[in-house]
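Visitor: Can you walk me through this one? I'd like to start with where the chains meet.

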Amino acid sequence: MWTDWLVLLYGWFFQPFVDYGFMRRALVACLAIGAACGPIGTILVLRRMSLAGDAIAHAVLPGAAVGFIFFGLSLPAMSIGSFVAAALMALLAAAVTRWTAQKEDASFASFYLITLALGVMLIATSGSKVDLLHFLFGSVLAIDGPSLLLIAGASSFTLLGLAIIWRPLIVECFDPIFLRSVGGRGALVHQLFMLMVVLTLVSAFQALGTLMAVGLLMLPATAARFWCAGVVTRALLAAGMGALSGAAGLLISYHANVPSGPAIVLFAGGLYVLSLCFGTRDSLRMIWFPASQHKEA
Amino acid sequence: MSKNMAIRLPPDVIEIHNLTLAYQGHPAVHHVTGRFLPGSLTAIVGPNGAGKSTLLGALSGQLQAAEGSIHFGLGSKSVLAYLPQQSSIDREFPVRVLDVVLLGAWRELKSFSRVSDLMRSRATEALAAVGLVGFERRFIGELSVGQLQRVLFARLLMQDASIILLDEPFNALDTRTAEDLLQVVLTWHREARTVIAVLHDMNMVRAHFPQTLLLAREVIAWGDSAQTLATENLARARQTSEYWDERAPWCARPSGAGAVR
């Protein structure tokens, strides 16, 4: 009977969210994070800065540690600490790239390694029993009302800010010398963008932890590349894939009783592998089985 | 913000006074003095490493002078357009041809202004003028090197600048593309814009460019093309060493009265 199927589907997809508040909060958090991560990740991929997200995520650690040492397990303190530390690291790395001849990847690598070591040192010497794993992997199911507000606020701020700097940001990515020659503030736009990357990662860090957050930032963006050509369509698809990964990962974690962070990122990873194999642009399918016909012109 | 297109101001004389441009203390352009007259069409020629691109970069405002100064007329800030060598563009970036051309209107568009119908029709006209009818919706990654250069010329047309700086604009182009784009340059000259182009093709310079600056770190000759490109000048330009001497003494030439940073 089809009504049985309906009940089953309801049980699978809706019951967990209807029954449990923590699942609802986790879902909203994942949707917000996914929506912000899509466009940010897309630009990072286009700028060939895919690994910068990883570097920034590591720089979150000392900030969160300082917040924890002085204020205990307080979410605002740890978030502000994370944001300050990661923003400082990103701005310093970007500034060194602008001022010196060092390439962006090299300066990011240098600064994130310093901040990471600093973070581990701080946590080790603080003498507290804070669990390092909590920093690294987060806990999306433990998100409360205030954290949810923080995540949604950060995502909204990021999307609004991105809308404001969108046009100069795209030109800065594509032809920076042109932007400079017509008096555009390319350096400023780039710095603002880096701040948004940091903000997105700090808000994702609440839910997924510093390491898993980068997964939701980059995987949908790298996957979307195999389907769409335009920047905007890629960003939209990436945002959609991010949100879908969040929802699907939560359900998998609920039904299969596995940790939620890795489940979300693994689902995003599955979408990436699918796109890589079967996408409509430059995918393995297109390369291995090229169209046998070609047009006249 | 005004929806009208910017009114093109007449170009002014560009005065270069005792200009030195240096990388890590080594001069790439050394004590250059001279002027580009309004509406002139000048070729900058010289051997590799002669500082041609560096001088153009300084004229476009991208580089800081180590010494000396560049003055654009008597304060009226004429609009300047600069086309660097192609390597600075990310060719894989997914933007469409029409959007690239529309960027030429950046001074009116900035971050937020809407693209008007007038701008759109001007961009289409510019594309037609460089021989790219029907290319509007293409991505730049799908273009050949020659087609991309045509697109960048269409963007220059869109910029409607009174001073136009071109860095090796005909490099790696086939004869027909180079010929078409040269016609665009000559049209700019007829419209009394100041055009300065770094070039390698001496025959093209002799045939079409009235003025030439022969540069080999220093000015070898600057003026009428036929005289500038005389055999003895070219021989002198070739003799200049490309290489830096780490043990070179500090340059003791006087910076000259009135040199401003």
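**Chain contacts and a helix**

Guide: Sure. In chain A, 16 residues are in contact with 15 residues of chain B. Keep in mind that this is a predicted model.

Visitor: Which elements give two or more residues to the side of chain A that touches chain B?

Guide: Those are α8 (145-174) and α9 (176-181) of chain A. The most comes from α8(A), with five residues.

Visitor: And how many residues on that side are nonpolar, polar or charged?

Guide: The side of chain A that touches chain B has ten nonpolar residues, three polar and three charged.

Visitor: New topic. What span should helix α3 of chain A have?

Guide: Helix α3 covers residues 21-46 of chain A, which is 26 residues. At 1.5 Å a residue, α3 should span 38 Å. Its end C-alpha atoms are 38 Å apart, so the two agree.

Visitor: Where is the kink in α3(A)?

Guide: At A:Cys37, shortly before the proline A:Pro39. The kink is about 30 degrees.

Visitor: How many of the residues of α3(A) are buried?

Guide: 19 of the 26, so α3(A) is largely enclosed by the rest of the structure.

Visitor: What comes just after α3(A)?

Guide: A:Arg48, which takes a positive phi of about 60 degrees.

Visitor: Last thing. Where in chain A is confidence lowest, and where highest?

Guide: Lowest is helix α7 (residues 132-137), at a mean of 64. Highest is helix α11 (residues 231-256), at 95. Chain A averages a pLDDT of 88, and 96% of the residues score at least 70.

Visitor: What does a low value tell me?

Guide: Where pLDDT is low, don't read the predicted coordinates in detail.

Methods
Residues numbered from 1 in each chain as written. Chains lettered and ligands numbered in written order. Predicted model: local features only at pLDDT ≥ 70, side-chain atom pairs only at ≥ 80, totals over all residues. Contact = placed C-beta atoms within 7 Å. Helix = DSSP H or I, 4+ residues; strand = E, 2+ residues; numbered from the N terminus. Nonpolar A, V, L, I, M, F, W, Y, C, P; charged D, E, K, R; others polar. Expected span 1.5 Å × (residues − 1). Bend = angle between axes of the 7 residues up to and from the residue. Buried ≥ 20, exposed ≤ 12 C-beta atoms within 10 Å, placed from the backbone. pLDDT = per-residue confidence, 0-100.
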